[in-house]
Amino acid sequence: MSIQNTLLINWSCNHTWLQASKNTSWCLLGCCIGDFGTIAFFQITEIAWPILAIMSLAVVNGILTSIALETFILSRQMSFNLAFRTAIGMSIVSMISMEAAMNAVDLVLTGGAKLTWWVILPMLVAGFLTPWPYNYWRLKKYGVACH
């Protein structure tokens, strides 16, 4: 896929932006459950792990919980096996970019692996905005959504 083909997509379709925002929101919910849960666990227990290790585990857990949530949602529409394969195959780019953005914001604003009331909103905004155009593109290009 060339950049030229990407630019030829109609980027002004409100219906597709709305659908992409819904898909991105479900992905964000799944990712932040695992990500925030991991960081909160290490904050509460005060286990002395390096920040990079905590943040890496938070990313992995965020991706796993997002896949689990998406599989659950899709399993109401299709078989469990197909729902699981669809959740893994369709959203991995979105989840990785989302997790990277959320953890980059956490790192910049708090030094990393710290949840405070004021850092959660910027993390969520970054986590939503980063994959949203990709999810729009995927819907426009392939007519493919994860939800």
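Helices here are DSSP runs of H or I with at least four residues, and strands are runs of E with at least two, numbered from the N terminus. The views below show a predicted model, in which local features need pLDDT of at least 70, side-chain atom pairs count only at pLDDT 80 or more, and totals for chains, interfaces and linings use all residues. Residues are numbered from 1 along each chain as its sequence is written, and side-chain values use heavy atoms, with hydrogens and water left out.

**View 1. Ala113 sits in a loop between two helices.** Look for Ala113 in the stretch that joins helix 4 (80–110) to helix 5 (117–129). Is Ala113 buried or exposed? With a relative accessibility of 11%, Ala113 counts as buried; buried means under 20% relative accessible area, exposed over 50%, and partly exposed in between (1.4 Å probe, protein chains only). Contact means heavy atoms within 4.5 Å. Setting aside neighbours within four places in sequence, the contacts of Ala113 are Ile39, Gln43, Ile51, Ile54, Met55 and Asp106. Thr71, 42 residues away in sequence, is 27 Å from Ala113 in space, C-alpha to C-alpha.

**View 2. Pro122 belongs to helix 5.** Here the relative accessible area is 29%, so Pro122 is partly exposed. Which residues does Pro122 touch, leaving aside its neighbours within four places in sequence? They are Val105 and Leu109. You can also find Asp106, which is 16 residues from Pro122 in sequence and 8.4 Å from it in space, C-alpha to C-alpha.

**View 3. Helix 6 covers residues 132–142.** Follow this helix and you will meet the buried residues Asn135, Tyr136, Trp137, Arg138 and Leu139. An α-helix has 3.6 residues a turn, so residues three or four places apart point the same way. After helix 6 comes Gly143, with a positive phi near 65°.

**View 4. The whole chain has six helices and zero strands.** Read along the sequence, the pattern is α-α-α-α-α-α. The radius of gyration is 16 Å, close to the 15 Å that the globule rule gives for 147 residues, so the chain is as compact as a globular protein of that length. This radius is taken over C-alpha atoms, and the rule is 2.2 Å times the number of residues to the power 0.38. Along its principal axes, the C-alpha trace spans about 50 × 35 × 25 Å. Of the 147 residues, 41% count as buried. Among contacts with a separation of 6 or more, 75% come from residues 24 or more positions apart.
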